[in-house]
Amino acid sequence: MASTNLQRWLEPRICAKRGEPARPKSVGELLSISAYWLATNVHWTALLVIVLPREVAKLSGSNQATALGGLMSIGAAVSLVVPLIFGPMSDRCASWLGRRRPFVISGTVVNLLGLALMYEGARLASFVGFLLGYLVVQIGNNVAMGAYNGVIPDLVEPGQRGLASGFMGLMTQLGSAAGVVGAGVLMRQGYVQATYVLLGGVLAVMLGVTIARVREAPIEPVAQPLRWKPYLASLVSPLRHPDFRWVWITRALVMLGFYTVQPYLQYYLRDVIGTPDPVGSAAKVFVIVLIGATISGLIGGWLSDRIGRKPVVYAANVLMATMAIALVACRNLEQALAVGVIFGLGYGAYISVDWALGTDVLPSQEDAGKDMAVWHIAMVFPQSIASPIAGVVLAAFGHTGSGDSTRYHVSGYMAIFGIAAAFLILGAVLLRHVRGAR
């Protein structure tokens, strides 16, 4: 009886059978699809902007820049591989829950376990323990995301994907703001355990919203079992499609720019701006960025359905690159906040069309899980190289002090911000090669 009641509760309300055209979705349905994305952004923004820089600085002392880059690189390597395994597995899943939801649920459970292990590692002052917990978080979250990336191609018709992408962009901004503010306030007050509980709680609650409202029909007919050797060989096939390849490359370049700077924002505010409260100041800057991003986010997605995706990306990338250079010249928090809100306008516009561009150029709707997993690599692969390279560049320009009093020179920040701007501009220039999207 309990099992029957659970199945009824989990019965889908947004349904599209394999091979059927997706029907138009209401605003409530689109919000339900993107609820889990809200939680994911709460989780990752809090970790990347607040938790990891603070914990790594405590655990690694004078090696904090290279240690942070190395930790992010190892985690990104996990996130590079896992979606490629579980995305296509979800394409073939014949569960009564649908093909995506079993992986989203199980991945989230593993993610929650990883957060607990991270907390224990930090509490015991064990960098190795903290790293292992972070790797478990990466595995669990990417199991979930490998399947979740296929939800919009499965359930949203092409004419609504710009709007759906806009909602995903909105959830990116709201989730990021909530994550950085919540974690910033708690960590500043010394409530470290509460920070991890907050991140896990938001993931669990928003998972419930998405699972309860988003309904998938079991695939019909049941897909053939995955044959790993041909599958691994097929991973390069989406990149043989020129439009998909160029969108992949330009997305990777934008993410290279973003992750060259983001992990070191807290250190920049400490060393260049001279703020006595880098955790709180990082939260303020990130929130102001997200205010600008929220303003442009929904407008950008809506506008891209009418004038095309590429003009929005061109404007967004140029604006972000200009502000990355301007940030180098800032010498007080007020200037950094002013630059941040303008950068946010560009960032929100880009994020609002990011998902739409990816789904517009998918080589195959039948293999959406696999193709979106390949597309997802363009976001996570740059983390594995941008952050450690930026850490090495930053450290190469020297530092003063040692341990918790380590301070990096402004010339190092000038170098990494300039590199980030170059990546962003190149991402705009190369998008012109995409022919199948406006």
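Which helix holds the place of Leu424? Select helix H16, residues 410–430, and Leu424 is there. Keep in mind throughout that this is a predicted model.

**Stop 1: Leu424**

Show Leu424 with its surroundings. Leu424 is buried, at a relative accessible area of 4%. Now add its contacts, leaving aside residues up to four places away in sequence: Leu253, Val254, Gly257, Asn317, Met320 and Ala321. Put a distance label between the C-alpha atoms of Leu424 and Leu253. It should read 6.3 Å, although the two positions lie 171 residues apart along the chain.

**Stop 2: Asn317**

Move to Asn317, one of the residues that Leu424 touches. Asn317 belongs to helix H13. Buried or exposed? Asn317 is buried, with a relative accessible area of 0%. Beyond four places in sequence, Asn317 touches Val254, Tyr350, Leu424, Gly427 and Ala428. Val254 is thus a contact of Asn317 and also of Leu424.

**Stop 3: helix H13**

Select residues 309–329 to see H13 in full. The helix has 21 residues. From first C-alpha to last it reaches 31 Å, close to the 30 Å expected at 1.5 Å a residue.

Next, colour the buried positions of H13: Arg309, Lys310, Val312, Val313, Ala316, Asn317, Met320, Ala321, Met323, Ala324, Leu327 and Val328. Why do they sit on the same side of H13? Because they cover an arc of only 170° around the axis. As background, an α-helix has 3.6 residues a turn, so residues three or four places apart point the same way. Turn to the face away from the buried side of H13. The exposed residues Ala315 and Ala329 are there.

**Stop 4: the nonpolar core**

Now select the largest nonpolar core, which has 132 residues. Ile50, Leu52, Met118, Tyr148, Tyr196 and Tyr268 have the most contacts inside it. Which helix gives the most to this core? Helix H2, residues 27–60, with 18 residues.

Centre on Tyr148. Among residues more than four places away in sequence, Tyr148 touches Ile33, Ser34, Tyr36, Trp37, Val104 and Met168.

**Stop 5: the whole chain**

Zoom out. The protein chain has 16 helices and two strands. Of its 438 residues, 60% are buried. Count contacts between residues at least 6 apart in sequence, and 83% of them join residues at least 24 apart. Finally, switch on the surface. The accessible surface comes to about 16,300 Å², and 68% of that belongs to carbon and sulfur atoms.

Conventions. Residues numbered from 1 in each chain as written. Predicted model: local features only at pLDDT ≥ 70, side-chain atom pairs only at ≥ 80, totals over all residues. Heavy atoms only, no water. Core = buried A, V, L, I, M, F, W, Y, C linked by side-chain atoms within 4.5 Å. Buried < 20%, exposed > 50% of the residue type's maximum accessible area, 1.4 Å probe, protein only. Helix = DSSP H or I, 4+ residues; strand = E, 2+ residues; numbered from the N terminus. Contact = heavy atoms within 4.5 Å. Areas by Shrake-Rupley, 256 points an atom, 1.4 Å probe, with all protein chains shown as cover. Expected span 1.5 Å × (residues − 1). Arc of directions from axis to C-beta.
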